[in-house]
Amino acid sequence: MLDTFSYHNFSWQGDLRWYKASKYTRYAPVVVLAILFLSIAEIAFGSIWIANLGDNMSVPKIIQTLLIPGCSFFNAIPSLHLHLLLRINPPTMAIWFSSIFAFVYFFSTLLMLASCGPSANGVVNSLRKSECYVGIEGGPKTYGVTKGIWAAFQTCNLLSAIAYSYHAALAYYVLRGINQRKVAGIEEVEDPEVIAAKRAKAQAEWIKMTYRGL
């Protein structure tokens, strides 16, 4: 029987609706796992960045280097649980969350790239001290991170944006297949283990309510 919180139920197949939709959607759990590792790397690089800012620390920089990767980390954990343990991952929810994170990561990446590009004057140049690495012309002189840390953080951000976009596209493909089957009058066949888990959970809740009533 499938227990929704048991690690013995781990399976790379995950939600059968995703696994059977196409040969690409079955790799959605791997994409989420990659997002998890990327968020951990981003938090590490972001921590180094914040630690080196000293008195020049700002709220926007904390949001960009720590809060966004942290939210990504805490989004990937339940997503993996839905994919691999619970084996029921609603594609609509996956589309919304993945699309939002993809947009945020793309915006953050473009902001840093534009700020650190060749520019003499204007709005872009005014961001060089907060968005760029130590040593770049017009950038920070004594605080911040090296070019290597900056490039690593940028790379992780870009990969996260791509991964979230890909996951959203996979979720859309799964949702489209589900809707097409509904229109055709084809009923979804749920995983027997998932059905058993739902029944077991309902029974457990009923027993708890019964004992509380007594």
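Does Q154, at 6% relative accessibility, count as buried or exposed, and what is the reason? Q154 counts as buried, because its relative accessibility of 6% falls under the 20% cut-off. The model in which this residue sits is a predicted one. Q154 lies in helix α7. Leaving out residues up to four places away in sequence, Q154 touches T109, M112 and L113.

The overall layout comes next. The chain has eight helices and zero strands, so read from the N terminus the order of elements is α-α-α-α-α-α-α-α. The chain has 214 residues, and buried residues make up 39% of them. Of the contacts between residues at least 6 apart in sequence, 71% join residues that are at least 24 apart. The accessible surface of the chain comes to about 12600 Å², and carbon and sulfur atoms account for 68% of that surface.The interior can be read through its nonpolar cores. In soluble globular proteins, nonpolar side chains tend to be buried together. The largest nonpolar core here has 14 residues, and the members that touch the most other members are I35, A76, L80, Y105 and Y164. Four helices each supply at least two residues of this core: α2 (28-53), α3 (59-86), α4 (91-115) and α7 (147-183). Apart from this core lies another one, of 12 residues, including I50, L53, Y133 and I136.

Y105 is a useful residue to follow within the largest core. With its neighbours within four places in sequence set aside, Y105 is in contact with E42, I68, P69, S72, N157, S160, A161 and Y164. Y105 also belongs to an aromatic cluster, together with F101 and Y164.

Helix α7 also holds I149. I149 counts as partly exposed, because its relative accessibility is 21%. Not counting residues up to four places away in sequence, I149 touches F45 and I48. I149 and W49 are 100 residues apart in sequence, and their C-alpha atoms are 8.0 Å apart in space.

Charged residues are the next topic. Side chains of opposite charge can pair when their charged atoms come close. The structure holds one salt bridge. This salt bridge is formed by E131 and K61, with the closest N and O atoms 3.4 Å apart. E131 lies in helix α6 (residues 128-131) and K61 in helix α3, so the salt bridge ties together parts that are 70 residues apart in sequence. What does the accessibility of E131 say about its position? E131 counts as buried, because its relative accessibility is 7%. K61 counts as buried too, at 4% relative accessibility.

Aromatic rings give another set of relations. A pair of aromatic rings is described by the distance of the centres and the angle of the planes. The structure holds six aromatic pairs. In one of them, F73 and F74, the ring centres are 5.1 Å apart and the planes stand at 85 degrees, so the pair is edge-to-face. F73 counts as partly exposed at 22% relative accessibility, whereas F74 counts as exposed at 62%. F103 and F107 form an aromatic pair that is stacked, with 6.5 Å from centre to centre and 20 degrees between the planes. Both of these residues, F103 and F107, lie in helix α4, where they are four residues apart, about one turn of the helix. F103 and F107 are both exposed.

The last stop is a patch on the surface. Which residues form this nonpolar patch? The patch is formed by M93, W96, F97 and I100, which together have about 450 Å² of accessible area. F97 has its place in helix α4. With a relative accessibility of 43%, F97 counts as partly exposed. Helix α4 (91-115) is also one of the helices that supply at least two residues of the largest nonpolar core.

Technical notes
Residues are numbered from 1 along each chain as its sequence is written. This is a predicted model: local features need pLDDT of at least 70, side-chain atom pairs count only at pLDDT 80 or more; totals for chains, interfaces and linings use all residues. Side-chain values use heavy atoms; hydrogens and water are left out. Buried means under 20% relative accessible area, exposed over 50%, partly exposed in between (1.4 Å probe, protein chains only). Contact means heavy atoms within 4.5 Å. Accessible areas come from the Shrake-Rupley method with a 1.4 Å probe; for residues, only the protein chains shown count as cover. A nonpolar core is a set of buried Ala, Val, Leu, Ile, Met, Phe, Trp, Tyr and Cys residues joined through side-chain atoms within 4.5 Å. Patches are made of residues with over 30% relative accessible area and no salt bridge: like charges are joined within 9 Å, nonpolar side chains (Val, Leu, Ile, Met, Phe, Trp, Tyr) within 5 Å. A salt bridge is a side-chain nitrogen of Lys or Arg within 4 Å of a carboxyl oxygen of Asp or Glu. Rings of Phe, Tyr and Trp (its six-membered ring) pair if their centres lie within 6.5 Å; planes under 30 degrees apart count as stacked, over 60 as edge-to-face and the rest as tilted.
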